[in-house]
Structure formats: structure tokens, C-alpha cells
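This briefing goes through one protein model by topic, from strand pairing to cysteines, domains and backbone geometry. Please keep the sequence and the structure at hand while reading.

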Amino acid sequence: MRIVDIGNDVHLVIGGEFPYCNTLVIFNDEIVLVDPGCKIEPLRKLLQGYDKDLKDIDTIILSHIHPDHITHTMRIHRLSKCRIATNTITAPLFNDKEKMKQFLGFEKYHPVRAAWEKLVDERMFGALDEGRVDEELHDGDKFTLGNLTLRIKYTPGHLPDHMCIEILEMNAIFAADIDCTPFGPFYGHPNSSIKDFRSSIRELQQTDYDIYISGHLEEPVVRDYKKNLSEYSQQIQYREDIIFASIANGAKTVYDIILSPVIYPSLSNIVYMQFEKWMVEHHINSLIEKNLIQLINEELVPVR
Ligand SMILES: [Zn+2]
């Protein structure tokens, strides 16, 4: 249980790796939470330090629709009646969880849907609760909270609805799932995009923040974030090289390739296997686009 003080009454409750995330908590004119996917007890403890409780939270901002980032939203909303704000792509998905499931690739009769729902219910309980967004945010929108201003920055790729939140006066950014973890970028849904992820990373590298906050690192403030983002981004090329080598060595299908997993250390769970498959499929498409491989009679072959 760890809480990191960022300064100016801004804190991070460390959730760390999936199925949790780091939650940004801002005490100002109002109490604002970004991505309530941490464990609830340390959050309660932080609030108690300010003589507050979960029912005193005023606003929750969601960076994107992933269950590990929205987990406690409705639980807190039931206690506090807080305002829920997110971007225009996430909002309709939050308002209709069937739409959310389809957005993430788990259509009604998808073979892995039930296992994914079970994983969410067991480890991110509350994320599938129905609820409604009160305020829709657009790229560049600003929120003023006393002496701090939050600004929305759309950063698609991880998912099309992914956004970061800047704190202007602190020259800080909460980068959510552009998280600089050793795992590397996650683009494990059909509508994730390697191209967009890369360009969002490049965009962040062209900035000059004093404080770069990861949504999943245990040490959440990333030192030398531009260099870190380069290494993080290189994971994409590293994975693509492995996949190309696998095809060059005779793998004909995505299933042949993931016989030795590229993304996850091991595939003990059908849900992780699905994420692995979707990520590898993005690379296959990228290799086809670069004319390095082709699909002949349903079989992957290198272009010679
Ligand atoms: Zn995510």
C-alpha cells in the first residue's frame, strides 16, 4: 500500500500492474480522481488524511474504457453522487456496457467473452456496473480546479479512446497506459493501433514535462521520460522482428506463431491468449503492409 505525493496536494495511490492501476487524486476546490482502479483501502486512507471519505469525492475522470482504469467508478458514485467525466469516445461505452464489450472485441458470441467477463468480475469488480457519464471532454478541453488547470490530451493507439491528462501549472502529465512499463505498449484489441500508438508516443516525446506519471509503474514518476519512451516504443519493433523471424522459420498462421508466446511470458489463461493473438495479428498486418510477408492460400509466407 503506497501513496506518492506529487506536490500541490496531488497524490498517486499506487495500484501498479494490471488488474490495478495508479489513481491520481487531486485535493483542491474539489476532490478529483483520475482512473479509480487502485485498491480502495489506500484511497480511503489518503482521504482520511484530509478528513474526507469516499462520499466526499466530487469528480471522477476516466482516461479510457479499460476495466482496470474504471473499476470503482460506480461504487464511488453510489456513495458520493460525484460527477463522472470522460472523452466523447469513452462516454457512450461507459453508458452502455454491451457497447464497451463490443468495442473491446468481445461481441456477444465471442468464444472468450465469458472468460473475460469472469476475469473482470473476479479481479476488477464493479467495472461492468451500468452508469452514466455527466460530462464529455474533447481534446484540448480545460478544467479549472482552484489554482490548478487540467487539460485533456487525446492519445489513441492503446485503444481509440485513450487520453492523457495534463496538469498545466505543475507542467505534469498523467499518461495512463502510455505507461513506460518493461512489458511495453499494449495494443491487444482489434481496434488498437500500432501506428497510432507510435504517433502518440512520438507526440509525447516532443513535449517538455517536468513530471511524467505512469498509470502502472510502482515508481510512477518516470525519470528521463523521453529516453524511457524510446525504449518503450522499441518493444514494438522487437516484437515485430520476432514475429517476422517466426514466419521466416516456417510459422504459417497466428496460432503457429503464438506456440511460443511473443508478448506474454506464458499463456496460462485463455484471455491473455486472446490478447496475445490480437497483438500478433496487428503485427502480421503491419508486416503485410510493409510488404515483408504475404498471405497465400491462408498461409503466411515471407516475401522473397
Ligand atoms: Zn488500458
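Two strands are taken to pair if DSSP finds at least two bridges between them. In this predicted model, strand E3 (residues 23–27) meets that condition with E4, to which it is joined by 4 bridges in an antiparallel arrangement. The protein chain as a whole is divided into domain 1 (3–223) and domain 2 (231–302), and the points below move from strand E4 to the cysteines, the contact between the domains and the backbone.

**Strand E4 and its neighbours**

- Strand E4 (residues 31–34) is covered on both faces, with Ile-31 and Leu-33 buried on one side and Val-32 and Val-34 buried on the other.
- On the antiparallel side, E3 and E4 make up a hairpin in which 3 residues lie between the two strands, and Ile-26 has Val-32 as its bridge partner in E4.
- E4 also pairs with strand E5 (residues 59–62), here in the parallel sense and over 3 bridges, with Val-32 standing opposite Thr-59 of E5.
- Between E4 and E5 the chain passes through helix H1 (residues 40–49), and the resulting β-α-β crossover is right-handed.
- Val-32 therefore appears in both pairings, as the bridge partner of Ile-26 and opposite Thr-59, while its side of E4 is among the buried ones.

**Cysteines**

- How many disulfides does the structure hold? The count is 0, where a disulfide would require a pair of cysteine sulfur atoms within 2.5 Å.
- Cys-21 forms no such bond because its sulfur lies 7.1 Å from the closest cysteine sulfur, that of Cys-38, which is too far; Cys-21 is itself buried, with a relative accessible area of 0%.
- For Cys-180 the closest cysteine sulfur belongs to Cys-164 and is 10 Å away, so this pair too is too far apart for a bond.
- Cys-180 counts as buried at 7% relative accessibility, and its place in the chain is the loop between strand E11 (172–174) and helix H7 (194–205).

**Contact between the domains**

- Taken over C-alpha atoms, the centres of domain 1 and domain 2 are separated by 29 Å, and the contact draws on 29 residues from domain 1 and 19 residues from domain 2.
- The size of an interface is often given as the accessible area lost when the parts come together.
- For this pair of domains the buried area is about 2,200 Å², with 67% of it given by carbon and sulfur atoms.
- On the domain 1 side, Phe-183, Tyr-187 and Arg-198 lose the most area to domain 2, and together they account for 28% of what that side buries.

**Backbone geometry**

- Most residues other than glycine have a negative phi, and most peptide bonds are trans.
- Where does the chain carry a cis peptide bond? One such bond joins Phe-18 and Pro-19, with omega at about 10 degrees, and Pro-19 is found in the loop between strand E2 (10–13) and E3.
- Cys-180, already noted as buried, has a positive phi near 55 degrees although it is not glycine.
- Glu-298 likewise has a positive phi, near 70 degrees, in a residue other than glycine, and lies in the loop between strand E13 (293–296) and strand E14 (299–302).
- Is Glu-298 buried or exposed? Glu-298 is exposed, with a relative accessible area of 68%, whereas Cys-180 is buried at 7%.

Methods: Residues numbered from 1 in each chain as written. Predicted model: local features only at pLDDT ≥ 70, side-chain atom pairs only at ≥ 80, totals over all residues. Heavy atoms only, no water. Buried < 20%, exposed > 50% of the residue type's maximum accessible area, 1.4 Å probe, protein only. Right-handed = clockwise from strand over helix to strand, strands pointing away. Domains from an automatic or database assignment. Contact = heavy atoms within 4.5 Å. Buried area = accessible area lost by both parts, 1.4 Å probe.
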